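Please load the model in a viewer and keep the sequence panel open alongside it. The tour below proceeds by selection, one stop at a time.

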Number of protein chains: 2
Amino acid sequence: MKDLTKIFYPETIAVIGSSENAMKWGSFISSNILSHDFKGRFYPVSKSYDTIYGRKAYRSLKDIEDEIDLLIITTPAATVMEILNDCVLIGIKNIVLISSGFSETGIEGKDLELKLTDFAKSNGLNIVGPNTMGITNTKVPLHATGSHVNVKSGDISIIAQSGNIGTQIMIWAEQQDIGIGKFVGSGNEAVIVCEDYLEYFFHDKDTSVILMYIEGVDKGRKFFEIAKEATLRKPVIALKGGRTGSGSRAAESHTGAMAGSYSVFNGAMSQCGIICADSPSELLLLSAVFSCMPLPKGNNIGILTLGGGWGVITADECEERGLAIPQLPDDVFNLLDKSLPPFWSRGNPVDLVGQPDTDLFMKAIEAMVASNAFDAVIFLGVIGAYKMGVRFKDAEYKLGMINNQELKGFNDFANLIQLSFLDMVLNLMERYDKPIHAVSLVSFPEDQAVYSKEGCKYKVIIHRTPEEAVLCLEKQYKYSKYLKGQEGLK
Amino acid sequence: MKDLTKIFYPETIAVIGSSENAMKWGSFISSNILSHDFKGRFYPVSKSYDTIYGRKAYRSLKDIEDEIDLLIITTPAATVMEILNDCVLIGIKNIVLISSGFSETGIEGKDLELKLTDFAKSNGLNIVGPNTMGITNTKVPLHATGSHVNVKSGDISIIAQSGNIGTQIMIWAEQQDIGIGKFVGSGNEAVIVCEDYLEYFFHDKDTSVILMYIEGVDKGRKFFEIAKEATLRKPVIALKGGRTGSGSRAAESHTGAMAGSYSVFNGAMSQCGIICADSPSELLLLSAVFSCMPLPKGNNIGILTLGGGWGVITADECEERGLAIPQLPDDVFNLLDKSLPPFWSRGNPVDLVGQPDTDLFMKAIEAMVASNAFDAVIFLGVIGAYKMGVRFKDAEYKLGMINNQELKGFNDFANLIQLSFLDMVLNLMERYDKPIHAVSLVSFPEDQAVYSKEGCKYKVIIHRTPEEAVLCLEKQYKYSKYLKGQEGLK
């Protein structure tokens, strides 16, 4: 196993090609590291600048009188071999090679990359890239990518064979308040390959969910062996690019990956317990769910809704995705029948027909979560409903019925009710160890997508649509079933 | 055909059960109408209030000395028949019956509803509902629904057999700046049924796209006859609830709709040119696209990307959805080869490998749109890219390299460039009459989803993900093919 610890947890970093020129990678990377408060020692190396962002710049690597844990190279491909020579002389082992101009550009680049691979292997160099977007470890914090992302720290780690897909995922995570641990754009994988990162993240105690965007894997056998072991301990969620002829041709011109047969690859992924996503946004969503929630033990889903049509759509989605909507067992039926208005749906989905009573809703959720008849619960509404109430108050304000103070008071009060409701949902999830998926009635851009509380093992994910919640439950159920099957094989 | 003009364009409205009590529908509806500046005459009718939101309240309908174009009833089911009797005496023809407690609640309610249907038919009353969320016509403006939505005016009209799905769609439209014309929650459809609204919207000159959420249709034959005629002139986009056993059972308890066989219904929808959506959010997205863009004449798609992985994903999605990614014809190839850096992808997807040069990107888009080899273009990036640039500037600001003024200046400048780019895209779409789908590199919650310009026939939709753009193109292509087939039958 390759030891990538100093790459992700460096105490000293040098950047060759560091710059203040806003058109250069040496500037993107340096400003990213510094503005995100890297706590270690930082050494810019530049032929043109005496200082970089207020730090003393060095003319050459050799001028730095410190041990360099991680070297980042942003200068042109032609300069790289000489720098690597220096690395060997100085004793630098770990390198992030941002520079492009290697195998992705044609025959000459391919030759250069072969040379680089040989050199690295014979001299024991760990190289990320070349042609990589860079790396991140929010725990250090180390933000050494070309794109500036302000994502919060978490336990999801990302391996991306495409830099901008990786960046998009991190920006979405930032917007949705989903924590990310490490990120690596694996670039051309001349030295450290996809399966090395997978193996490292598998053993990394700061990572609990692994997210991958893959176009191709050179050593499929090794990749799947590692994956099979990893998925027994950590969910591995992957999106395969190049599933079709058009996609494979594009992948070939992108990373040079020979995509191979998707059906074979896909079958292998499922067989080793990898959770397959269909798009980058799904990758992130699933990672968040697997990082925040217990797995369901079976596929029996209880649905609660504030509106009939919504329950219909959710039930359709469940059945289409292989989840069951069992009838209500007698005890749950009787409990609900006692508390609910006479015209309740008397079935699963339980339709509370617009009743805005959150206590009632909470009672119904608990009755279903507590019952052995259900392995998971999806509830639709309550969350987000208060925002519609605020709009009504807003109209009263416009019509001169209440003042600004009262409007604000209502908003704060309604928000508090929602938070205490989320708190109860989280407590139920902790107590019964079953996933509860929340779907917001109407979600506004500024709304939180994750509710967490100090000291709790789980978090509540607030979905924007029921189809999103059902998709997640399907994947959770499949993974849970896979793990059970593996258990049986022992 | 039922004439629903006075329902959607009333000059006088009375609300029975009007109230200032924040727990009552009479208050939701009245405050909604008034706070959204209804320009006609408004008459609240109430047993308890002398004024409602500052308007004089009437004890009874009979006290109002004006012709009532539209009556909205919010009082309990038991009061309704007497009110309808009054309507006949006074000469009120058009009613929105919010009240619940009819067929959705059991046998007694069913009987009452049958009575109501008979009475309405023999006395020529037009009744929306009962058990409806209400209606909207943003053009009047008339906002007579229980939920307060501030959506902007447009040409998409909505028929929903579920009030809260309708509300969600309108809130999403509001957030995404998509214009809505009319909305009706059809409720129990005791008098005016789904196909009546469809027929009315088909002939309505203010409607150019029709969006439907359907659980069941009583007179399938009539519905499909009208739909077949309507789709020749206006796109009709529908989501069917109750596609599965679980969904149908839920639908039965919701609207009492006998969902019937989905495969039969689905087949019939396709045969009469209805565009089928798979979820409420898809319904809205497709409606926006069909309202803003020309149709592609074939399925040959050109893809332009700022990043390789992204092109791979888009090509996969296209092929999986029956769209073709043809090779670049020689003239386009040569044109691009002259302008692009030597390491460009030399194929479709055209990968500009992170080149931030918008002029180059625009040239490439035009080369593809202008070519006969392509019926539509998807471009990934440029839009949203400047926000990443702003983050870099933000880091420079944090590191003391630029001041606040310079940061703001850059932001404004980059925003202007993006707007001028969108403007050029819009011009290309107008000039070549081909759809161009934009996908944002990273979209932020506050970002606009639609770019429009006075005097232009089309608008640019800015998608959040490539899969969204591809889905839309697939549906556009299928509809275009359907229309061509119908043309051939003439």
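The stops that follow take chain A and then chain B of this predicted model.

**Chain A: a strand and its partners**

Begin by selecting residues 70-73 of chain A, which form strand S5. Show the side chains: A:Leu70 and A:Ile72 point one way, A:Leu71 and A:Ile73 point the other way, and all are buried. In a regular strand, side chains alternate between the two faces of the sheet.

Next, add strand S1, residues 12-16 of chain A, which pairs with S5(A) in the parallel sense over four bridges. Here A:Ala14 is the residue opposite A:Leu71 of S5(A).

Then add strand S6, residues 94-97 of chain A; S5(A) and S6(A) are also a parallel pair, with three bridges between them. Centre on A:Ile72 to find A:Val96 of S6(A) opposite. To follow the connection, trace the chain from S5(A) through helix H3, residues 80-90, to S6(A): this β-α-β crossover is right-handed.

**Chain A: a buried valine**

Select A:Val184, located in strand S11, residues 180-185 of chain A. Is this residue buried or exposed? A:Val184 counts as buried because its relative accessibility is 0%.

Which residues beyond its neighbours within four places in sequence are in contact with A:Val184? They are A:Phe8, A:Val128, A:Gly134, A:Ile135, A:Ile158, A:Ile159, A:Ala160, A:Tyr197 and A:Phe201. For a further reference point, display A:Gly129: this residue is 55 residues from A:Val184 along the chain, and their C-alpha atoms are separated by 9.4 Å.

**Chain B: an aspartate without a salt bridge**

Move to B:Asp375, in the loop between helix H13 (358-370) and strand S17 (376-380) of chain B. B:Asp375 is buried and has no salt bridge; B:Lys434, the nearest side chain of opposite charge, lies 5.8 Å away. The side chain of B:Asp375 does, however, reach the backbone nitrogen of B:Gly298 at 3.5 Å. With neighbours within four places in sequence set aside, the residues in contact with B:Asp375 include B:Pro296, B:Lys297, B:Asn299, B:Asn300 and B:Pro435.

**Chain B: the six-stranded sheet**

Finally, display the open sheet of six strands in chain B, whose order is S16-S15-S17-S18-S20-S19 and whose pairing is mixed. Its edge strands are S16 (350-351) and S19 (450-451), each of which pairs on one side only. At the S16(B) edge, select strand S15, residues 301-305 of chain B: S15(B) and S16(B) run parallel and are joined by two bridges. End the tour on B:Thr305, whose bridge partner in S16(B) is B:Asp351.

How values were computed: Residues numbered from 1 in each chain as written. Chains lettered and ligands numbered in written order. Predicted model: local features only at pLDDT ≥ 70, side-chain atom pairs only at ≥ 80, totals over all residues. Heavy atoms only, no water. Buried < 20%, exposed > 50% of the residue type's maximum accessible area, 1.4 Å probe, protein only. Pairing = 2+ DSSP bridges. Right-handed = clockwise from strand over helix to strand, strands pointing away. Contact = heavy atoms within 4.5 Å. Lys, Arg positive; Asp, Glu negative; His and termini not counted. Salt bridge = Lys/Arg side-chain N within 4 Å of Asp/Glu carboxyl O. Polar contact = N/O pair within 3.5 Å; in protein donor to acceptor, adjacent residues only side chain to side chain.
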